[in-house]
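Work through the exercises below with the model open. Each task is followed by a stepwise solution.

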Amino acid sequence: MINYKTSEEVKLIKESADILARAHGEVAKHIKEGVKTSFLDKIAEEFIRDHNGVPSFKGYNGFPASLCISVNEVVVHGFPSEYELKDGDIISVDCGVFHQGFHSDSAYTYPIGEVSPAVKALLKATKDSLYVGIEQAVFGKRIGDVGNAIQKFVEAKGYTVVRELVGHGLGRNLHEAPEVPNYGKKGSGPLLKDGMVIAIEPMINLGTRNIVQERDGWTIRTADRKPSAHYEHTVAIFEDRTEVLTSHKYIEENFKF
């Protein structure tokens with residue numbers, strides 16, 4: 001069942017999303033060669049708690065950290081660790097905040113030092129595809145219109161779309177109906193209605209779309225170990241507009257590439 005939000009509830013989600021955006025910005029200040037990914041997790045958790053939020057991911061179904069940190073061929077759900085970032089890596093940072101009863105969720109993939117032109121192009125295409133999807137996330141369209149737009153955009157550039165992992169509704173729960181795939185047919189799926197809040201999150205691979213789950217029960221990587229990129233926003237659907245509740249502004253102010 002889809003939980004439609006009132007305008008007041010959307011305002012509360014936006015307040016959560018503001019803490020999240022600024023937490024991402026704090027993490028972005030520290031993303032560079034030689035930094036341990038566990039340190040980034042510490043920065044995020046401290047910032048979120050200092051601003052009266054709770055990390056949405058920590059403890060969720062047993063997840064051990066505040067950030068999902070996914071490096072290179074890891075698609076999503078990677079654990080922060082003692083791994084030190086190195087030149088040529090890419091790192092996806094996915095984070096959620098629970099504040100005043102509501103969750104927000106967003107992600108961003110960063111290049112470290114000099115990445116290859118092919119990987120740089122993957123990052124750009126994946127980020128662009130997020131906004132292509134958001135353009136379709138309007139009142140009266142359907143979830144399939146969002147996924148179809150993302151799929152067509154990235155496949156035209158030679159990339160592949162992960163099928164087993166999708167975006168989602170969110171609000172009082174981190175994951176709610178409906179699922180929001182990054183592929184699909186135009187005109188299919190649930191109707192986009194006033195009060196829907198969804199996380200749109202393209203997960204796009206340089207090689208095969210096939211994925212593997214590691215033995216830790218969480219980490220998802222590409223089957224061919226080629227890089228994967230991930231960008232995400234939380235958006236609200238209104239009858240007269242679509243509003244992006246999360247922001248990458250603070251990331252892009254603090255991380256130059």
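**Surface, fold and core**

The chain exposes about 10,900 Å², and carbon and sulfur atoms supply 49% of it (Shrake-Rupley method, 1.4 Å probe; for residues, only the protein chains shown count as cover). This is a predicted model: local features need pLDDT of at least 70, side-chain atom pairs count only at pLDDT 80 or more, and totals for chains, interfaces and linings use all residues. Residues are numbered from 1 along each chain as its sequence is written, and side-chain values use heavy atoms, with hydrogens and water left out.

**Exercise 1.** State how many helices and strands the chain has, then judge its compactness.

*Solution.*
- Step 1: count the elements. There are 5 helices and 15 strands (DSSP runs numbered from the N terminus: H or I, at least four residues, for helices; E, at least two, for strands).
- Step 2: apply the globule rule. The radius of gyration is 17 Å, close to the 18 Å that the rule gives for 257 residues, so the chain is as compact as a globular protein of that length. The radius is taken over C-alpha atoms; the rule is 2.2 Å times the number of residues to the power 0.38.
- Step 3: read the extents. The C-alpha trace spans about 45 × 45 × 35 Å along its principal axes.

**Exercise 2.** Find what share of the residues is buried, and which residues have the most contacts inside the largest nonpolar core.

*Solution.*
- Step 1: take burial. Of the 257 residues, 55% count as buried (under 20% relative accessible area; exposed is over 50%, partly exposed in between; 1.4 Å probe, protein chains only).
- Step 2: take the core. A nonpolar core is a set of buried Ala, Val, Leu, Ile, Met, Phe, Trp, Tyr and Cys residues joined through side-chain atoms within 4.5 Å. The largest has 50 residues, and Ile31, Leu40, Ile91, Tyr110 and Ile200 have the most contacts inside it. Helix 3 (residues 117-136) gives the largest share of this core, 6 residues.
- Step 3: look for another. A second, separate core of 11 residues includes Val10, Leu12, Ala17 and Ala199.

**Exercise 3.** Place Thr37 and list what it is in contact with beyond four places in sequence.

*Solution.*
- Step 1: locate Thr37. It lies in helix 2 (residues 37-50) and is buried, at 2% relative accessible area.
- Step 2: list the contacts (heavy atoms within 4.5 Å). Thr37 is in contact with Ile69, Phe79, Pro80, Ser81, Tyr83, Leu85 and Ile91.
- Step 3: view the pair from Ile91. Beyond four places in sequence, its contacts include Thr37, Ile31, Leu40 and Tyr110.

**Exercise 4.** Say where Asp145 lies, and whether it counts as buried or exposed.

*Solution.*
- Step 1: Asp145 lies in helix 4 (residues 143-155).
- Step 2: its relative accessibility is 12%, so it counts as buried.
- Step 3: Asp145 touches Gln136, Lys185, Lys186 and Gly187, not counting residues up to four places away in sequence.

**Exercise 5.** Inspect the backbone at Pro178, Asn61 and Arg225.

*Solution.*
- Step 1: a cis peptide bond joins Ala177 and Pro178, with omega about 5 degrees. Pro178 sits in strand 8 (residues 176-180).
- Step 2: Asn61 is not a glycine, yet its phi is positive, near 50 degrees. Asn61 is in the loop between strand 1 (54-55) and strand 2 (67-71). At 64% relative accessible area, Asn61 is exposed.
- Step 3: Arg225 also has a positive phi, about 60 degrees. Arg225 is in the loop between strand 12 (220-222) and strand 13 (228-230). It counts as partly exposed, at 47% relative accessibility.
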